[in-house]
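Me: Got a model open here and I'd like to talk it through. Could we go over one strand and its neighbours?

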Amino acid sequence: MVEHSASIFDRRLLVVTGKGGVGKSTVAASLALLAARRGKRVLLVEVDAKGNLADAFEHRQVGYTPVEVHPGVLVMTLDTEKSLREYMHINLKIPIFGHLSPLARALEFVATAAPGVKEILTIGKVLWDVREIVEGRSEFDLVIMDAAASGHVVAQLGAADSIRALVDVGPVRAQTEWMVELLSDPAITAVNVVTTPEEMPVAETVDVIARLRAETAVPLGCVIVNRVLPELFTTHDELAFESLNQPSGRESLVEHVGSGSIAVLDAARLAVALRRSRAEHLGELRADVDLPCLYLPYLFTRSFGLRVTRLLADALDEEIA
Ligand SMILES: Nc1ncnc2c1ncn2[C@@H]1O[C@H](COP(=O)(O)OP(=O)(O)OP(=O)(O)O)[C@@H](O)[C@H]1O
Ligand SMILES: [Mg+2]
C-alpha cells in the first residue's frame, strides 16, 4: 500500500505518460474506472488522435465531445483544430461554423509550424477543464490525461512555460500564467509514469523523470510498473523442473505423457528466466527512482477491453490507499 498517493484522486489533473506501448492508455483507463468507483466524475482525455482509448471500455470511438463510456467516466479525444476553434470562440468571440475560416486556417498553420503552439492548444484545453473544476463550474471532479509518450511529454507539459519565455508580455503572459500555476501546484496536478520491468522502459522512465524535474515545474506522482510477472514457481518447484529436464526425466515424460509435454519444461524455464530478468530491471528502477511505485500484474488473458481495465483497476485499488 503506497501512503504517498493516499490523496491521488483528490488532485484535479492526473497526467499519465511513459514509453510507447507500455500500457499508458490501459492504465489511464483503469485509473479513471477506479476514481469513478470511488465516487468521482472523471474526464478522461486522449491527447493523440488515435481515438482508441474508448476501446478500454468496449465503447465505440469517441471524438472531441466527451461521451460517458462507463458510469462516471467520460472520454474525449483531443483535436488541435477543434481546440483552436473553441479557443477562438471563447477568447476572441469569433463564431466559427462549418469549415475552418481563412483565419483559423492561417492560425492552424502557425499551430503546426511554430514550436510549442500545437502543444499549448493541447495542454491549454486540458488545463481549461481543470480550471473549470477548481473554480467550481464543472460537472467533473478530476481530469485524467492520457498524455504524449515520454519522448514528447516534456515539450507538452512545458509548452506554457516555453511560450511565456518567448513572449513575456500582455495577454500571452496572462493566458499562460494560469496554466503554469495549475500545472505546478502539487495539490492539483501529478504526473505519473507508466513503465514495465524491462530495460528500455526503465531507462526511459529514469530519463523522463530527470527531464521533467530539470525542465518543468510539474509535480511528480508515482511510477506505475505494469506487466509485472507473477511468481509462478518457488525455488523448490524450479529444482523439480530442472531435474525433470534431465535426459531420464524427459524420457519418462515423453513415455508417460507424450512428446508434447516437453514444451512445458521449456515454458517453465522461460518463465523463470523472464521473471529473473524482470526482477533485475525492477531493482534498477527502485535504485534510480525515488518516487512511490505501484505494481500491476501481467494479465494472461485473451480478451482485452473492459475486462482488462477492470482487473487492473482492482489491482490499483489494492495499491492506492
Ligand atoms: N498488465 C497488462 N497485462 C496484459 N496486457 C496488457 C497489460 N497492460 C496493457 N496491456 C495490453 O498491452 C497493449 C498496449 O497497451 P496500451 O495501448 O495501453 O499502451 P500505450 O502505452 O497506451 O501504447 P501507445 O504508446 O501506443 O499509446 C494493449 O493491448 C493492452 O490491452
Ligand atoms: Mg496509448
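What follows is a short back-and-forth on this predicted model.

Me: To start broad, how many helices and strands does the protein chain have?
Reply: The chain runs to 321 residues, and 47% of them are buried. As for its secondary structure, the count is 11 helices and 8 strands.

Me: Is strand S4 largely enclosed or largely open?
Reply: S4 covers residues 73-77. Buried here means under 20% relative accessible area, and 5 of the 5 residues in S4 are buried. So the rest of the structure leaves S4 largely enclosed.

Me: Which residues of S4 point the other way from Val 73, Val 75 and Thr 77?
Reply: In a regular strand, side chains alternate between the two faces of the sheet. In S4, Val 73, Val 75 and Thr 77 share one direction, and the residues on both sides are buried. Pointing the other way are Leu 74 and Met 76.

Me: Which strand runs parallel to S4, and which residue there stands opposite Leu 74?
Reply: The parallel partner is S2 (residues 42-46), joined to S4 by 5 bridges. Opposite Leu 74 of S4 you'll find Leu 43.

Me: And on the antiparallel pairing of S3 with S4, which turn residue has a positive phi?
Reply: S3 (residues 67-70) is antiparallel to S4, with 3 bridges joining them, and Val 67 stands opposite Val 75. The two strands make a hairpin with 2 residues between them. In that turn, the residue with a positive phi, about 90 degrees, is Gly 72.

Definitions and conventions
Residues are numbered from 1 along each chain as its sequence is written. Chains are lettered from A and ligands numbered from 1 in the order in which they are written. This is a predicted model: local features need pLDDT of at least 70, side-chain atom pairs count only at pLDDT 80 or more; totals for chains, interfaces and linings use all residues. Side-chain values use heavy atoms; hydrogens and water are left out. Helices (H or I, at least four residues) and strands (E, at least two) are DSSP runs, numbered from the N terminus. Buried means under 20% relative accessible area, exposed over 50%, partly exposed in between (1.4 Å probe, protein chains only). Two strands pair if DSSP finds at least two bridges between them.
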